[in-house]
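Here are my notes on the model you sent. Please read them with the structure open beside you.

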Amino acid sequence: MYQTANLYLSPDMKMAEVVLNNPYLMLLLEHFGISAPLQEKTIREICDEHKLHPEVFLTFAHLYNGVDYKPAERFTYREVRSIINYLSNSHSYYLGEIYPNILKLIQEMFHDKSQPEQAMVEKFFNNYFNEVREHLNYENDTVFPYITKLYQKIEARGNVTLPDTYSVADYQEHHDDIEEKLTDLTNLLVKYLPNNDEPQVRRKLLFTLFELDYDLTIHSKIEDQILIPLVQQMENYLSRKTT
């Protein structure tokens, strides 16, 4: 993790300055669909332009900055679309960019392509990637559409039918910890793989794994500490409304 400072943020700070303080906030902006140039605009101005509640941005940004932050306002169902948008975009980043990049670096790392260590690491990573792909596809195909329907039901938009048996409790049961095996791979690279490979590629691979672990850890906190409680509130509201 490459966090540069535990900076406490406020809505009237300039977005470019907070990004320069912690460049990994560019990844956060990307997950929200916000791109540079940021000019001299404040956090509040950029959030308003993108119809993003500033408290959602600040809560997520403080996670990236490693700051314990309590939102000034309690989130409502209206924020759930921004949260799903963030999570969906981060899935695209994992599946389409960083995991394929890790596999490419693993394949580049070994001089001798017949080394058994390469086959072992590649097999380990491919098995892990398949689990990650299954996990993220489940969220994309089942969880996010379900939450979107809850939102539409609360908004009373059209004739929305919710599944009879599915709830966010099912999501919690299915919510595996995909960071654990990533740590195993990092330990393997640092502690055990023989020193007959490309050291520069190994370093790049390690840095990429740390970057992924950094983002995945925040991703899991957002799901566990923000999304799931918010969806439980939405389910409870609809349950009270229909009884």
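1. Charge first. The protein chain carries 23 positive and 37 negative side chains. The centres of these two sets lie 5 Å apart. Keep in mind that this is a predicted model.

2. Overall make-up. The protein chain contains nine helices and zero strands. Read from the N terminus, the order of elements is α-α-α-α-α-α-α-α-α. The C-alpha atoms fill a box of roughly 65 × 45 × 25 Å along the principal axes.

3. Burial and surface. The protein chain has 243 residues, and 46% of them count as buried. Its accessible surface comes to about 12,700 Å². Carbon and sulfur atoms account for 49% of that surface.

4. Contacts along the chain. Take the contacts in the protein chain with a separation of 6 or more. Of these, 73% join residues 24 or more positions apart.

5. Helix α4. This helix covers residues 54–65, 12 residues in number. From first C-alpha to last, α4 reaches 16 Å, close to the 16 Å expected at 1.5 Å a residue. After α4 comes G66, which has a positive phi near 70°.

6. Why is α4 described as largely enclosed by the rest of the structure? Buried here means under 20% relative accessible area. By that cut-off 11 of the 12 residues of α4 are buried, so the helix is largely enclosed. Among the buried residues are the aromatic-lettered positions F57, F60 and Y64. P54, E55, H62 and N65 are also on the buried list.

7. Which elements do the buried residues of α4 pack against? The partners are α1 (15–21), α2 (25–31), α3 (43–49), α5 and α9 (199–242).

8. Helix α5, one of those partners. It runs over residues 80–109 and has 30 residues. The reach of α5 from first C-alpha to last is 41 Å, close to the 44 Å expected at 1.5 Å a residue. Look at Y94 as well: α5 bends there by about 40°.

9. Helix α6 and Q152. Q152 sits in α6, which spans residues 116–155. Is Q152 buried, partly exposed or exposed? Its relative accessible area is 29%, so Q152 is partly exposed. The cut-offs are under 20% for buried and over 50% for exposed, with partly exposed in between.

10. A distance to check on screen. Q152 and D141 are 11 residues apart in sequence. In space, the two are 17 Å apart, C-alpha to C-alpha.

Terms used: Residues numbered from 1 in each chain as written. Predicted model: local features only at pLDDT ≥ 70, side-chain atom pairs only at ≥ 80, totals over all residues. Heavy atoms only, no water. Helix = DSSP H or I, 4+ residues; strand = E, 2+ residues; numbered from the N terminus. Buried < 20%, exposed > 50% of the residue type's maximum accessible area, 1.4 Å probe, protein only. Contact = heavy atoms within 4.5 Å. Areas by Shrake-Rupley, 256 points an atom, 1.4 Å probe, with all protein chains shown as cover. Lys, Arg positive; Asp, Glu negative; His and termini not counted. Charge placed at Lys NZ, Arg CZ, Asp CG, Glu CD. Expected span 1.5 Å × (residues − 1). Bend = angle between axes of the 7 residues up to and from the residue.
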